[in-house]
Amino acid sequence: MIMTDQLMYGGDYNPEQWLDRPDILETDIEYMKKAKINTVTLGVFSWAVLEPEEGQYHLDWLEDIVDRLYSNGISVILATPSGARPKWMSDKYPEVLRVSEDRRRALFGKRHNHCYTSPVYRQKVATINQKLAERFGNHPAIKLWHISNEYGGECHCQLCQEAFRNWLKNRYQSIDELNKKWYTRFWSHTYHSFDTIESPSSIGEYDLHGLKLDWKRFVTDQTVDFIENEIAAIRKGGATQPTTVNMMYDYLGLNYEKLAKVVDIISWDSYPLWHKTKEVEIARDNGLQHDFMRSLKKKPFLLMESCPSATNWQGISKLKKPGLLSAASWQAIAHGSDSVLYFQIRQGRGSSEKFHGAVIDHSGRDDTRVFKEVTAMGEQLEMLQEVKGTKCKADIAIIYDTENRWALEDAQGPRNNGLFYHEAVMKSYSAYRKLGYNVDVINEAQDLSDYKIVVAPMLYLFREKIETRLEAFVKNGGHLVMTYWSGVVDEWDRCFLGDTPYGLTQVLGVRRTEIDALYDGETNFIQGTNNERYECQYLCELTQNEGAKTLMTYGKDFYKDELAIAENLYGKGKAYYVGVDAEQAFYDTFYKKVVKEAHLQPILSIETPEGVEVTSRVSEKHEYIFIQNYNTEPVDMPLDGVGEVILGSYRDGIGAYETVILKK
Amino acid sequence: MIMTDQLMYGGDYNPEQWLDRPDILETDIEYMKKAKINTVTLGVFSWAVLEPEEGQYHLDWLEDIVDRLYSNGISVILATPSGARPKWMSDKYPEVLRVSEDRRRALFGKRHNHCYTSPVYRQKVATINQKLAERFGNHPAIKLWHISNEYGGECHCQLCQEAFRNWLKNRYQSIDELNKKWYTRFWSHTYHSFDTIESPSSIGEYDLHGLKLDWKRFVTDQTVDFIENEIAAIRKGGATQPTTVNMMYDYLGLNYEKLAKVVDIISWDSYPLWHKTKEVEIARDNGLQHDFMRSLKKKPFLLMESCPSATNWQGISKLKKPGLLSAASWQAIAHGSDSVLYFQIRQGRGSSEKFHGAVIDHSGRDDTRVFKEVTAMGEQLEMLQEVKGTKCKADIAIIYDTENRWALEDAQGPRNNGLFYHEAVMKSYSAYRKLGYNVDVINEAQDLSDYKIVVAPMLYLFREKIETRLEAFVKNGGHLVMTYWSGVVDEWDRCFLGDTPYGLTQVLGVRRTEIDALYDGETNFIQGTNNERYECQYLCELTQNEGAKTLMTYGKDFYKDELAIAENLYGKGKAYYVGVDAEQAFYDTFYKKVVKEAHLQPILSIETPEGVEVTSRVSEKHEYIFIQNYNTEPVDMPLDGVGEVILGSYRDGIGAYETVILKK
Amino acid sequence: MIMTDQLMYGGDYNPEQWLDRPDILETDIEYMKKAKINTVTLGVFSWAVLEPEEGQYHLDWLEDIVDRLYSNGISVILATPSGARPKWMSDKYPEVLRVSEDRRRALFGKRHNHCYTSPVYRQKVATINQKLAERFGNHPAIKLWHISNEYGGECHCQLCQEAFRNWLKNRYQSIDELNKKWYTRFWSHTYHSFDTIESPSSIGEYDLHGLKLDWKRFVTDQTVDFIENEIAAIRKGGATQPTTVNMMYDYLGLNYEKLAKVVDIISWDSYPLWHKTKEVEIARDNGLQHDFMRSLKKKPFLLMESCPSATNWQGISKLKKPGLLSAASWQAIAHGSDSVLYFQIRQGRGSSEKFHGAVIDHSGRDDTRVFKEVTAMGEQLEMLQEVKGTKCKADIAIIYDTENRWALEDAQGPRNNGLFYHEAVMKSYSAYRKLGYNVDVINEAQDLSDYKIVVAPMLYLFREKIETRLEAFVKNGGHLVMTYWSGVVDEWDRCFLGDTPYGLTQVLGVRRTEIDALYDGETNFIQGTNNERYECQYLCELTQNEGAKTLMTYGKDFYKDELAIAENLYGKGKAYYVGVDAEQAFYDTFYKKVVKEAHLQPILSIETPEGVEVTSRVSEKHEYIFIQNYNTEPVDMPLDGVGEVILGSYRDGIGAYETVILKK
């Protein structure tokens, strides 16, 4: 489905807060046009205005605004309103209110506060969605349906318990099978029937990892089912536009892999803590998320929300320094976004988000620093529409898997005080990005065959026959990098019996014997044959070498001189094993060797200076190379002859926070 | 109303704990006389002894003690017993038990544990109060009624919910008006009727600031109503003595501005963390509270509780070093107290406060260090009765407003990890105190016309037309100092639209454009034209200069060289704007300029040495100047000719922790 | 009762998790024999397999395993299964589920999760126990009954409330007596009848220390009663073997003094945080627990659980370095254990303890480092059976009392942020251990007459007429060391009136006047007449010298030069008073003086090197001296002629983590 020919530019807009101020609504459109805004998101949280009393639908105000936006050249992403339900509903049907894990029914309040199972709620959502679709399904302004908002959370009410039990029945067929998979003979936890199973609870069962994993899977599936119910209703109402759900940074409440399958377009809300540490580190962390989102469908995605100034809900709500808004926006485009959208266009006057940065702030002025930067960005985007729809191509994939993380971080194991999975993934990601490569960030279920290098950091839980697929990948010539604490448990968090990493000891040429945890502050080091030496921390695995080549060994403790880093030829490919949580410098050097052995070329043939990010998108005819300087000083880069400069300049170096785009 | 001609000296006394030990009761009176104690507070928490079974009143024991005290020259402050109710009451009428914000009814226990709305509880309190008044209303020993104890806390029971809904109906008349003021279109929070509104709750609504502010206002009003019910009962019983409620340090559960209106005399309980940091800093922090309490009625107040030794409920219960008891006691007098009262006379044997310092400890001796210091203080007070009833006069007022703080600290804004309002107020207060001025500490509702300088630090919420009154104050010749993050929201925490600080941009000559938050540990600095330089942290406001004179500018970041401190002539007065959270040294220097420009003279014409506090009270004929040395070494001060020395000496310098009083 | 002639070696074994893997069950026995394992514990948490449906008992599988073990020379400790009940029971009888202190009934889950009062639960436990006893009561393999597992926790259901009220009625007879003991006139807490008393609760009463102490006593008594119910059932079933309950490190939920009385043998589960700080410090801390456990009956005890590798439930689950397993095992023997038992033999595949170290890990190999170390230990033990049953003899006792700790740490007093009772006890214990003495660790109820030195650190609560017994101890020639904050309250946490330490001021020659608390980081020092000087922190007591000899005085603060450490001759003995929390070096020096004055000789006549522990056991004929080197380097010790070397060698020094045993 094609939504629009344009890179979308704009953001969330809440005119329902200003219906008594037509002067402001008029000014808003004038300002949007000035800032080159071509798209706004309407209807998020508007239910109380759309259906102020049960069954009374007030859609005229919304149509009026959509019409006026459209007549001013502004497109609309229309949200279904299920992100927050009106108060009359919970007053009349308390079943729509969530029940917390400790089994207490919530009172009305907050947002994202409904039971995903409640038939009443599903019906109410279906009806309002259908009404919206009937009215706006064919409106030319509407380009995309924004289903609800930032899905998340869970409900433990009796309706959900029943749904969970049915889900389990369907999954296991017999209670004996469930007991086996959940290993319930431990601590006499054997279940006698599906009918009395309860979701995990701090006042009940909280240590049975099989139950907890399945509950998380159920919550995802139930949410997906709810989304499908929402989409079915807009389709029933006649809407033909594509759909999206806006996702969140590193969100662990849902497995986005499943949500991605039921919507047409991936979108997400990006709120990095800019200026907290070195800018480029924050950019890389945010880049990983962009790449994770893009890789969900391996298609362009949308940056659905970002903040034009300071947020209001972080501990410290820092202003974006001049230039950062542009850098962050171009980063999204560079990583595959076809939009730059802000939350929000006009700042609300009251309640909890009133100080969230906005294109138009409480002063109502268009001469603010933020408004000027938004306008400048709008003007640049308008000139570079050709990158819309272009693809990102990566030869390297890093597995960053939600189910793995659920199990890894929930299990009581070597380091209950911190395993640092996100950090482990970031170390590999950062190293490749510093070397100037695009990277896909994938889950265990995704196809590996297009890649030259696959990295599997801390892949504790094996599912989807990953061991077989990784074996085939290496056998066929791929380069696999696997780290410590991988291949330990199956899909139910049951330890594999026999040698581990499960199914891969021959591929890797090593088997794990023990894993040592280091106290916070305690370190070891690893050393190679050329006296190179890297510090390591947190986790040190002890392995038995069963045919691999030793690359590095431990520097101290009782496992001094034992194998820490290994490589092993297998089939047409090669497998590397990293047995220890080593410092970034190790990965930076190690991956130079790996890319060389895998015969990969970086995006640019020259070395990337510290603090600079290089990313590329390709169309059928062209390559667009984005070079972003995240330093607070200009940097020199000899780019002559690489391609046509279509944004920025690099004659006197690339300026602080500046983006240069080369077309090749 | 005049209670007594004396400075009250004594404290809380709980003879009901010792009724089986007449020998101890006898010794107590003997010891009190030895220590020059002239007043004790009786009846706090005595309900279970006064009414051991429902409707059975046992007041004889109390009358007996009152008589014996009186016949020994000791007056009585009599408490109503509502600070803790007897167990039979909650056993029979569970409605008197509080319901917590997460909607759980408490069990019997603790103290200050009752529902302020419960008709049963109000009736029970009225009856016991009336009985007490009938018995003691004309007793010559009784000088003052101590209504309940340290009012605080809240109840969320259905009775309170109904009372809250009625309070809201009365305030807003229509639900539409409430929705508008609470800005409920945000997140679809629109209320359909008053009848289903619920108080704020962690399991319901906790982000709607309008609701939360109104709930806090309701809690104060309901408490005030409860107090009025208590007082009405003692009046009905024939009592004619004045009333007080004992307030607490920086207590945010109630707006004391409202409580002050329904009692005759202000009193409070002071428990500083002496010896934790530099003594003078603790003294100043405590001084601010004294001044806040005194300013509530601009009349002498009472120090109702203080600890003669270590407390028992602080994290570290440190002994008061020799001399500190005297210094702390004289500080109260200096700031306007007409009493020095301790908690407590005799230490209880059991339960949670058994280790709270007392005049008579478990040893039962009168040769303890504490008893001797208490006695010495009693002797000094007895000689200086003439300061009783004298006033404190200040030309400088600092606004330290409870409603402002409620809103400021609840809003999600630039620094959710800490805004430091108390600290900001203290910086101005300390600077003036170091310069040797008395200071009033007032709320937004109080009259400004008597002051020469008004300081408004972080006055985020404007109410009571403060912007108009501040404008008039400057226009008429006053000097106003306003800081960053002022004039942002109205009484409902709704942002003002247009330029801010609201209504004062012409007075100040600047308008706010942005506010930057600094991470913990991050700093900036400000610099003036004479190379003076001060560090700043946490919050840096960016302002547009609209006619003010620039005093200082920022030293770094993207707003380097932009305006940080400004002054502006307006009408006959002058307004200063402090846009940044600067270090104490800035305020110390800056206020030298302000007092000079406002033509103010300090209490003493000589400079105050580091660590010394100077305060004054005035009668119609005399000025009493209190000079207190909070250093651990003596200091020299040339005070010859200032006045008659009526306490202490300064010939060889003023001793550590010593107080000198000069009469002029 | 004699269980067995052997030192028991083995651990927990859970064959019910492997019933579908007969190959594994077979391998397990083969491996056990290889490792010289002679004992396993069966049946902990097996209820769901033993009684899969109500009233259906499946014991055959267990008998089969017991038979096979026995036929392979392996004995069995058989557990009753009450540590975790099957799900059918709470589904049918919800009363068996616990109610938390905030009055919420738990859902099914976790373990140790039952109400100790519930008649249904007691009946179900009695029945299964009796069934087990009927089947295994005469089985020659069964040497010991392991009653339940790690008793702990509490229940606040209505059944427990009633039981508590009856317990109180029985204890106090009249409600007036209870009110007096609990000091309920404070805050009007007077109880009118036993019938409405509620257990302590965060939503009710949590500050009434008398109530809280009695509740803890009730929980212990109710648990003891439950244990007696369990044991009665196995006796009714015909079992004649001895019983034990496995206790835990420093567990405060129960007073083990009472549990010790109803079982035949003491056992405990030891999981030190090896390698976290200096090894010898961890060994000493663990040694204190061994000595506490042994002193409960002054007989050999059992090490019931220990980890052969890393645990899985600590914050950091560190591997045991090579040799540590042996050192920790021999330490248990040295301190009086007649067993070395591990948790567990074979690692489970799933649920929360799957990564807990085990003799046989998931790899299923017998060539792991851990398996080899377990085997080596087994071989050593097999050769040293003669130490079985030998006694430990100590002339020094330190009082480390659970009821004292309950009261001390619950009272709101001088340092609510930390009193450091455990640390205070450890300082005395460590000093004596460094000097090479065995130490008993006793409670206030235990007999003192066999000791030469008794240490009473922070003995805040006096019970069991301890003041009289300590007085007699000194009068008869004993040496008493008492520290600050002793003799403050009676059994109900009511302060003693008059001079303190209660009843001992003449014995000690001093009385307490005040106690000062120091902020964290704040220090004072004490100094003696020979310029020795020690730092002190946290608590400094001020005392009045009433005839004692001053040993040391304070170095600063207002009590500079006042008495800090005193000694006093009394009767035929001597009493020392340590008024301050001094550093370890003080105790190390001070106790050299004390042992000298008490004429005690250490185990070895030579000085113990840093990091070495010396401990001894005696039979009627021999003394066995255990010398353990906890340093990571060998140490030299001249041991020639002391005795026969029956384990290890010391010719070239004693190796790191090595144990040498001398027989004399």
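**Chain A and chain C**

I superposed chain A on chain C in this predicted model. A rotation of 120° does it, with 0.0 Å of shift along the axis and an RMSD of 0.0 Å. I therefore note the two copies as related as by a three-fold rotation axis. I then looked for the part of chain A that comes nearest to this axis. By C-alpha position it is A:Arg104, 6.3 Å from the axis.

**Chain A and chain B**

I repeated the superposition with chain B. Chain A is laid on chain B by a turn of 120° and a shift of 0.0 Å along the axis, and the RMSD is 0.0 Å. Here I found the C-alpha of A:Arg104 nearest the axis, at 6.4 Å.

**The A–B contact**

How many residues does each chain give to the contact? I get 44 residues from chain A and 40 residues from chain B. I next asked which elements give two or more residues to the side of chain A that touches chain B. They are helix H2 (47-50) and helix H4 (87-92) of chain A. I also sorted the residues on that side of chain A by kind: 17 are nonpolar, 14 polar and 13 charged.

**Domains of chain A**

I looked up the domain assignment last. Domain 1 of chain A is made of two segments, 8-160 and 197-385. Domain 2 covers 396-597, and domain 3 covers 612-663. For domain 2 and domain 3 of chain A I noted how far apart their C-alpha centres lie, which is 33 Å. Helix H2 (47-50) and helix H4 (87-92), noted above for the contact with chain B, have residue numbers that fall in the 8-160 segment of domain 1.

Note on methods: Residues numbered from 1 in each chain as written. Chains lettered and ligands numbered in written order. Predicted model: local features only at pLDDT ≥ 70, side-chain atom pairs only at ≥ 80, totals over all residues. Contact = placed C-beta atoms within 7 Å. Helix = DSSP H or I, 4+ residues; strand = E, 2+ residues; numbered from the N terminus. Nonpolar A, V, L, I, M, F, W, Y, C, P; charged D, E, K, R; others polar. Least-squares fit on C-alpha atoms with pLDDT ≥ 70 in both. Domains from an automatic or database assignment.
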